[in-house]
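Colleague: I would like a close look at a single part of this model. Please take the salt bridges, and then place them among their surroundings.

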Amino acid sequence: MIASIPSFDVGTLSLGPLNLRLYGLMVAIGVIAGAYAAARLLQRRGLNPEWAVQVSVVGVPAGLIGARGYHVLTDWKNYDGRWLDVIKIWEGGLGIPGGILGATIGGLIVARLRSMPMRALLDAAAVGFPVGQVVGRLGNWFNQELFGRPTDLPWGLEIDREHRPPEYLEDETFHPTFAYEMVWNMLVFGLLWRVALRGRLPRGHLMALYLLCYSAGRLWIEALRVDVASLLAGVRVNIWVMAAVLLLSGLFLLLVTPRRRLIEASLEAASPSDDEASAESPEDDAGPADEAPAGDAEPAEVSDEQTPLGADESTAGSAPA
């Protein structure tokens, strides 16, 4: 049985003359892990996995800007009188809701400009986000931040006295909310991956399922935290935001997703199968005079999401630079 979870005394890793902030290192590794998961889903669906890298080039910086901006806006009192500290992201302070929003907007802009299938990329991002969060939350452990209320549970997190809130100076172990969120995101990823491979949702709607699942877990985890945060009507702002995300994503899945399924089913029913197409236009009726020369035949249009790996990507209009 674990007596308690120890915390790290230092938040840096020294490699000769180079000192790496472990928080930033975990965020960077999380980005790589999330992009890899997104690329794997694209590959399993027969799409180009390099799209995940191309989108990340813009999506990651946009996500960092959004994450930092969200943190500063919701905890602006902590920066009153020291606004230059806003740029010190290596010391912690990245709001995941802002990061998700910024990365999604940045990625969709790239997808639009390069004519990539945006619905497929939304699904890929949905499985990449929780993977990145699993690794990134380790940074909070190294920084001894964002922990929960005091607890005597066997897995309580040890926090050094200088990192405890004033009202909890005599308490030694706290709820490891970083670990709770890591476990929750692992479960969310497992669910999303299973749903994605089974095709249970229309393309692009996996993002709504991710937002629903993540916000549901973040609500109860956020309620445990004791770090200083801005309040709205006596409730933490993050709780309000997660409640809104939970409500909106739930309504989307209840109202929009079933209608989209019906539309896709009707389109599939309206399009003739290969056998029906052959029966309607038998080859016996076509004479040599009716056939166009092979060199003049136009290639059939191929949709982005049907382009197989290894095929000429110019047919999808999205050849990597």
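Modeller: Here are the salt bridges, followed by some of the helices and a surface patch.

This is a predicted model, in which local features need pLDDT of at least 70, side-chain atom pairs count only at pLDDT 80 or more, and totals for chains, interfaces and linings use all residues. Residues are numbered from 1 along each chain as its sequence is written, and side-chain values use heavy atoms, with hydrogens and water left out.

The structure holds 9 salt bridges. The term means a side-chain nitrogen of Lys or Arg within 4 Å of a carboxyl oxygen of Asp or Glu. Helices (H or I, at least four residues) and strands (E, at least two) are DSSP runs, numbered from the N terminus.

Start with R236. Its salt bridge with E222 has the closest N and O atoms 2.8 Å apart. That pair links distant parts of the chain: R236 sits in strand β6 (residues 235-236), E222 in helix α7 (residues 206-224), 14 residues apart. R236 also meets D227 in a salt bridge, at 3.2 Å from N to O. R236 and E222 are buried, and D227 is buried too. Buried means under 20% relative accessible area, exposed over 50%, and partly exposed in between (1.4 Å probe, protein chains only). These contacts belong to a network of salt bridges that links R218, E222, R225, D227 and R236.

Now R137. Its side chain meets that of E181 in a salt bridge of 3.2 Å, N to O. R137 lies in the loop between α4 and α5 (138-143) and E181 in helix α6 (residues 177-198), so the pair ties together parts that are 44 residues apart in sequence. R137 counts as buried, at 6% relative accessibility. E181 is buried as well, at 2%.

Next, helix α4 itself (residues 118-136). Its 19 residues reach 25 Å from first C-alpha to last, close to the 27 Å expected at 1.5 Å a residue. The expected span is 1.5 Å times one less than the number of residues. Of those 19 residues, 16 are buried, so α4 is largely enclosed by the rest of the structure.

Last, the surface. L247, L248, L251, F252, L254, L255 and V256 form a nonpolar patch with about 670 Å² of accessible area together. Such patches take residues with over 30% relative accessible area and no salt bridge; nonpolar side chains (Val, Leu, Ile, Met, Phe, Trp, Tyr) are joined within 5 Å, like charges within 9 Å. Areas come from the Shrake-Rupley method with a 1.4 Å probe; for residues, only the protein chains shown count as cover. L251 is in helix α8 (residues 237-270). L251 is partly exposed, with a relative accessible area of 39%.
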